Amino acid sequence: MTTRLADIAAQAGVSEATVSRVLNGKPGVAATTRQSVLAALDVLGYERPVRLRQRSAGLVGLITPELENPIFPALAQVIGQALTRQGYTPVLATQTPGGSTEDELTEMLVDRGVAGIIYVSGLHADTTADMQRYEQLRAQDVPFVLVDGFSPKVQAPFISPDDRAAMNLAVTHLVSLGHTRIGLALGPKRFVPVQRKIEGFVRTVQDQLGLSPETIETELVQHSLYTLEGGQAAASALMDRDCTAVVCASDMMALGAIRAARQRGLEVPHDISVVGFDDSPLIAFTDPPLTTVRKPVPAMGQAAVRTLLEEIGGTPAPHSEFVFMPELVVRGSTASAPGDRHRP
């Protein structure tokens, strides 16, 4: 027991006496200190005493696409932790190809009496989908929040990154390195985030390189799938059109673009520069480390939970879109354009 107290105290950065007070449920410990001790217990793999286990204030559903793209587990973790801190129990429901649909997962969660649902990159992002499903959910008095994607047809709070600003950051960075032939690899056009990225990309390339919108959309924008293979195919097509840099709409696509370059015997970034989007976990450790536009996942996840809990509490947030600014993270996959090596 003494060894355990010492371990937990060292991990939490508090005294053994403080750990003892928390474990015994005694008063007089600040909430943040108590949280640090509980986190230390979890990190070290110790079981929490029964008296410290929270009673759940209710279940909250979280519906995400597949978990192969690491940005979705990262967002799920932020949302799950934020819900747990507020006393709720997160229920993760994942869509997989050939598995349950969003509507089936929604029905399953509603049947289990969830207090609310958070949708990540769901059908609300698809401009061809029927938005009536969300109005039916509202009619059932189930609060919900929609992350990544916007529809004026749905009366609900939306949480989004600024996709247009993301493309401005990526293109401006590449133009500063002397690139004048910059391609954009992204998913199917029916999705709202895709349309917004195209708008931001076209506007920035037009402003900074003087190309016409028609030329940009015809020659420099390539649609594919949001997968490594999709990025490989899109980047290959853009390299055929003499692009010296490729901006990708996800880090997974960017890894595919790097693979496409290597298959041609090209070096990244010496022969071609690649920029990703998301800054998902481990992406800083790729070869080369990926320059990417960081999606503000912690801020978006916490805002989604805060907004949903306001809906659950009967003081709903405005039914509008909360937009979060991304950030450019420059690493090793971008460099001066070939033939422009005199630039710093």
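1. Strands β8 and β9 are paired in parallel, with three bridges between them. In this pairing V246 has V274 of β9 as its bridge partner. The model discussed here is a predicted one, and the points below should be read accordingly.

2. On its other pairing, β8 is joined to β6 by four bridges, and these two strands also run parallel. Here L184 stands opposite V247 of β8. β6 is in turn paired with β7, again in the parallel sense, over three bridges. A185 faces Q222 of β7 across that pairing.

3. These strands belong to an open sheet of six, ordered β7-β6-β8-β9-β10-β12, whose pairing is mixed. The edges are taken by β7 (221–223) and β12 (327–329); each has a single partner strand, so one side of each has no neighbour in the sheet. From one strand to the next the twist averages 20°. Helix α9 lies across β6 and β7, and runs at about 45° to β7.

4. Which residues of β8 are buried on its two faces? A245 and V247 on one side, and V246 and C248 on the other, are all buried, and both faces of the strand are thus covered. This arrangement may be set beside a general pattern. In a regular strand, side chains point alternately to one face of the sheet and the other.

5. The largest nonpolar core comprises 42 residues, and those with the most contacts inside it are I182, L184, F201, C248 and V274. At least two residues of this core come from each of α7 (163–176), β6 (182–186), α8 (192–209), α9 (213–220), α10 (228–240), β8 (245–248), α11 (251–263) and β9 (273–278). A second core, separate from this one, has 23 residues, including I71, L83, V145 and M300.

6. C248 deserves a separate remark. Setting aside residues up to four places away in sequence, C248 touches A185, M253, A254, A257, V274, V275, G276 and F277. C248 is also among the residues with the most contacts inside the largest core, and is one of the buried residues of β8.

7. A further open sheet also has six strands, in the order β2-β1-β3-β4-β5-β11, and its pairing is parallel. At its edges stand β2 (89–94) and β11 (321–324), each with a single partner strand, so one side of each lacks a neighbour in the sheet. Direction ignored, neighbouring strands of this sheet are turned by 20° against each other on average. Within the sheet, β4 (residues 144–147) and β5 (residues 158–161) run parallel and are joined by two bridges. L146 has F158 of β5 as its bridge partner.

8. Is L62 buried or exposed? Its relative accessibility is 3%, and L62 therefore counts as buried. The residue lies in strand β1 (residues 59–64). Apart from neighbours within four places in sequence, L62 is in contact with A76, I79, V91, L92, A93, I118 and V120. Of these partners, V91 is 29 residues from L62 along the chain, and the C-alpha atoms of the two are separated by 6.0 Å.

9. The packing of two helices may be considered next. Two packed helices are described by the angle between their axes and by the distance between those axes. For helix α2 (residues 16–23) and helix α3 (residues 31–43), the axes come within 10 Å and cross at roughly 85°. The crossing angle therefore makes α2 roughly perpendicular to α3. In this contact T18, V19, V22 and L23 of α2 meet T33, R34, V37, L38 and L41 of α3. By type, the residues of the contact divide into six nonpolar, two polar and one charged.

10. As to the protein as a whole, there are twelve helices and twelve strands. The C-alpha atoms fill a box of roughly 70 × 50 × 35 Å, taken along the principal axes. Of the 344 residues, 48% are buried. Among contacts with a separation of 6 or more, 69% are between residues 24 or more positions apart.

Conventions. Residues are numbered from 1 along each chain as its sequence is written. This is a predicted model: local features need pLDDT of at least 70, side-chain atom pairs count only at pLDDT 80 or more; totals for chains, interfaces and linings use all residues. Side-chain values use heavy atoms; hydrogens and water are left out. A nonpolar core is a set of buried Ala, Val, Leu, Ile, Met, Phe, Trp, Tyr and Cys residues joined through side-chain atoms within 4.5 Å. Buried means under 20% relative accessible area, exposed over 50%, partly exposed in between (1.4 Å probe, protein chains only). Contact means heavy atoms within 4.5 Å. Axes are lines fitted to C-alpha atoms, for helices over the stretch in contact, and angles run from 0 to 180 degrees between N-to-C directions. Angles under 35 degrees count as roughly parallel, over 145 as roughly antiparallel, 65 to 115 as roughly perpendicular and the rest as oblique. Ala, Val, Leu, Ile, Met, Phe, Trp, Tyr, Cys and Pro count as nonpolar, Asp, Glu, Lys and Arg as charged, and the others, Gly among them, as polar. Two strands pair if DSSP finds at least two bridges between them.
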